[in-house]
Amino acid sequence: MQKGSEKKFGDSKNKSKSIGKTAQKILDFVISDPSMSAKTMAYKIGISSRAVDDAFS
């Protein structure tokens, strides 16, 4: 039995969240070239490497 805000993994009521444009660009880089550094991604996107690190935390 679930309590209050607890949800089962894969619960169909749990809708997926959309991500921002920057996060999508980072994901696209990771998929296309997994060896690309955060510094390189940041340069190509025009943000700081710290912003790349923070995008998924």
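This briefing walks through the nonpolar core, the helix α2, a salt bridge and a surface patch. Please keep in mind that the structure is a predicted model. The largest nonpolar core has seven residues, and α2 gives the most to this core, with three residues. A search of the whole structure finds one salt bridge, formed by the side chains of R50 and D54.

**The nonpolar core**

- A good place to start is the largest nonpolar core, which is made up of I26, F29, M36, M41, A42, I45 and V52.
- Two elements, α1 (21-32) and α2 (38-45), each give two or more residues to this core.
- Of the elements, α2 gives the most, with three residues.
- As general background, nonpolar side chains tend to be buried together in soluble globular proteins.

**M41 and M36, two members of the core**

- You will find M41 in helix α2.
- M41 counts as buried because its relative accessibility is 5%, and the cut-off for buried is under 20% relative accessible area.
- Setting aside neighbours within four places in sequence, M41 is in contact with I26, F29, V30, M36 and V52.
- One of these contacts, V52, is 11 residues from M41 along the chain, and the C-alpha atoms of the two are separated by 7.4 Å.
- M36 touches F29, M41 and K44, again not counting residues up to four places away in sequence.

**The two sides of helix α2**

- The buried residues in α2 include M41, A42 and I45.
- These residues lie on the same side of α2, because they cover an arc of only 100 degrees around the axis.
- The cover over the buried residues of α2 includes α1 and α3.
- Turn to the other side of α2 and you meet K39, Y43 and K44, which are exposed.
- After α2 comes G46, which has a positive phi, near 90 degrees.

**K44, an exposed residue with contacts**

- K44 is also found in helix α2.
- K44 counts as exposed because its relative accessible area is 51%, and exposed means over 50%.
- Leaving out residues up to four places away in sequence, K44 touches F29 and M36, both of which belong to the largest nonpolar core.
- K25 is 19 residues from K44 along the chain, and their C-alpha atoms are separated by 9.6 Å.

**The salt bridge in α3**

- The search of the whole structure turns up one salt bridge.
- In this salt bridge, the side chains of R50 and D54 meet at 3.2 Å, N to O.
- R50 and D54 are separated by about one helical turn, because they are four residues apart in helix α3.
- In general, side chains of opposite charge can pair when their charged atoms come close.
- R50 is exposed, with a relative accessible area of 56%, whereas D54 counts as partly exposed at 37% relative accessibility.

**A nonpolar patch on the surface**

- On the surface, I19, L27, I31 and F56 make a nonpolar patch of about 390 Å².
- F56, one of the residues of this patch, lies in the segment after α3 (49-54).
- F56 is partly exposed, with a relative accessible area of 46%.

Definitions and conventions
Residues numbered from 1 in each chain as written. Predicted model: local features only at pLDDT ≥ 70, side-chain atom pairs only at ≥ 80, totals over all residues. Heavy atoms only, no water. Patch = residues over 30% accessible without salt bridge, like charges linked within 9 Å, V, L, I, M, F, W, Y side chains within 5 Å. Areas by Shrake-Rupley, 256 points an atom, 1.4 Å probe, with all protein chains shown as cover. Salt bridge = Lys/Arg side-chain N within 4 Å of Asp/Glu carboxyl O. Buried < 20%, exposed > 50% of the residue type's maximum accessible area, 1.4 Å probe, protein only. Core = buried A, V, L, I, M, F, W, Y, C linked by side-chain atoms within 4.5 Å. Contact = heavy atoms within 4.5 Å. Arc of directions from axis to C-beta.
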